[in-house]
Amino acid sequence: MSYVILDLEWNAAYSKRAGRFVNEIIEFGAVRLDDDLNITASFAALVKPKITRRLNGKVKQLTKISLDELKTGGVSFLTAAKQFAEFLGDSTLMTWGTSDIHALIENYTVFTGDYHIPFLTTYCDIQEYCERALDMYDEGNQMGLGACAELLGLTFSEDEQHRADADAYLSQQCLKAVAKRLPLEQAILHADCEKFYERMTFKNHFITDIDDPDIDRAELRFRCDQCGKPARRMKKWRMHNKNFSSEFYCKHCGRKFIGRVSFKKRYDGVKVNKRTLDIVPKKKKEEQPAEKTTA
Ligand SMILES: [Zn+2]
């Protein structure tokens, strides 16, 4: 088994033809790893931009790549991708987070009209793998590469980061540091199928319709947070910050409380978040001290 960690740099370029901004890939950087996750080879290619002749300030500042460098040392996206495919061979492709995959899908779509990444057969998201291995997986709060390296006590130079080869190298360091904690095979996905692209392009979202068939009706029932007996819903469901919210009453102990539940639709299911809150009595206007409103 061998692996290739890919890191791309891209530039937000306005495409007149597409009528929107496209993350145009300007650099490929990669390292190949053996079974023991040691680096055995590296790859680098610059891409001559086609969509725009301007690099935005953030890219210049972060990557320190100049347009001259890309013009003289760069090849077309498809040429660079072909060279990378040869480097990849039948290794498993790895990236830190899925944004590089999104960038590849976008660039293939723009330059070939087909969103498939032809060299992709098996894939591993190292970011998710590291988060799971460290027991810090939280979908809403992804760990940056630098943060992960720091957490693992790895030393790196901030100056060298944000160039494709340096990021690929640091990803390898993180991967190797956590690899004994969790079997890596579990994190490898088959990627030469439509299911993979569905998974990659799926947008997580909160369900806002109470009648949505993806809502498990049992999750709309609440137990009294005081005595544990089933409580009765007293009002209609209301939306409150992506949560469904209503008042509940427990006839066993007389407790009244707010039940709140949210349903987040993800590619592999619905994540339910339920909690109860105390009912805060609303203050009547005349009860407020007069000086507060006139001051
Ligand atoms: Zn009760």
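A residue counts as buried if 20 or more other C-beta atoms lie within 10 Å of its own, exposed if 12 or fewer, and partly exposed in between, with C-beta atoms placed from the backbone. The model is predicted: local features need pLDDT of at least 70 and side-chain atom pairs count only at pLDDT 80 or more, while totals for chains, interfaces and linings use all residues. Residues are numbered from 1 along each chain as its sequence is written.

**Stop 1: the two domains**

Colour residues 3-201 as domain 1 and 205-278 as domain 2; these bounds come from an automatic or database domain assignment. The centres of domain 1 and domain 2, taken over C-alpha atoms, are separated by 40 Å.

**Stop 2: strand S1 and its hairpin**

Helices (H or I, at least four residues) and strands (E, at least two) are DSSP runs, numbered from the N terminus. Select strand S1, residues 3-15. Ten of its 13 residues are buried, so S1 is largely enclosed by the rest of the structure.

Add strand S2, residues 20-33. S1 and S2 run antiparallel and are joined by 13 bridges. One pair to display is asparagine 11, which stands opposite glutamate 24 in S2. Four residues lie between the strands of this hairpin, and glycine 19 there has a positive phi near 70 degrees.

Continue past S2 to leucine 37, in the loop between S2 and strand S3 (39-47). Its phi is positive, about 65 degrees, although the residue is not a glycine. Leucine 37 is partly exposed, with 16 other C-beta atoms within 10 Å.

**Stop 3: the whole sheet**

Now show the open sheet of seven strands, in the order S4-S3-S2-S1-S5-S6-S7 and with mixed pairing. Strand S4 (74-75) and strand S7 (188-190) are the edges; each has a single partner strand, so one side of each is left without a neighbour in the sheet. Two strands are taken as paired if DSSP finds at least two bridges between them.

Zoom in on strand S5, residues 92-95. S5 runs parallel to S1, with three bridges between them, and valine 4 stands opposite leucine 93. S5 also runs parallel to S6, again through three bridges; here methionine 94 has cysteine 124 as its bridge partner. In a regular strand the side chains alternate between the two faces of the sheet. In S5, Thr92 and Met94 point one way, Leu93 and Thr95 point the other way, and all are buried.

**Stop 4: helices across the sheet**

Select helix H4, residues 99-112. Its 14 residues reach 20 Å from first C-alpha to last, close to the 20 Å expected at 1.5 Å a residue, where the expected span is 1.5 Å times one less than the number of residues. H4 lies across S1, S2 and S5, at about 120 degrees to S2. Such angles run from 0 to 180 degrees between N-to-C directions, with axes fitted as lines to C-alpha atoms, for helices over the stretch in contact.

Which residues of H4 are buried? They are Asp100, Ile101, Leu104, Asn107 and Val110. These pack against S1, S2, helix H3 (77-88), S5 and helix H8 (194-201). Contact here requires C-beta atoms, placed from the backbone, within 7 Å.

Histidine 102 is also in H4, but is partly exposed, with 15 other C-beta atoms within 10 Å. Measure by C-alpha to arginine 199: the two residues are 97 apart in sequence and 11 Å apart in space. After H4 comes glycine 113, with a positive phi near 80 degrees.

Helix H5 (residues 126-133) lies across S1, S5 and strand S6 (122-125), at about 50 degrees to S6.

**Stop 5: the cores**

A nonpolar core is a set of buried Ala, Val, Leu, Ile, Met, Phe, Trp, Tyr and Cys residues joined through C-beta atoms within 7 Å. The largest has 47 residues, and Ile5, Ala30 and Ile126 have the most contacts inside it. Apart from this core lies another, of five residues, among them Phe222, Cys224, Ala231 and Cys250.

**Stop 6: a last loop**

Finish at lysine 242, in the loop between strand S10 (238-240) and strand S11 (243-249). Its phi is positive, near 70 degrees, in a residue other than glycine. Lysine 242 counts as partly exposed, with 13 C-beta neighbours inside 10 Å.

Technical notes
Contact = placed C-beta atoms within 7 Å.
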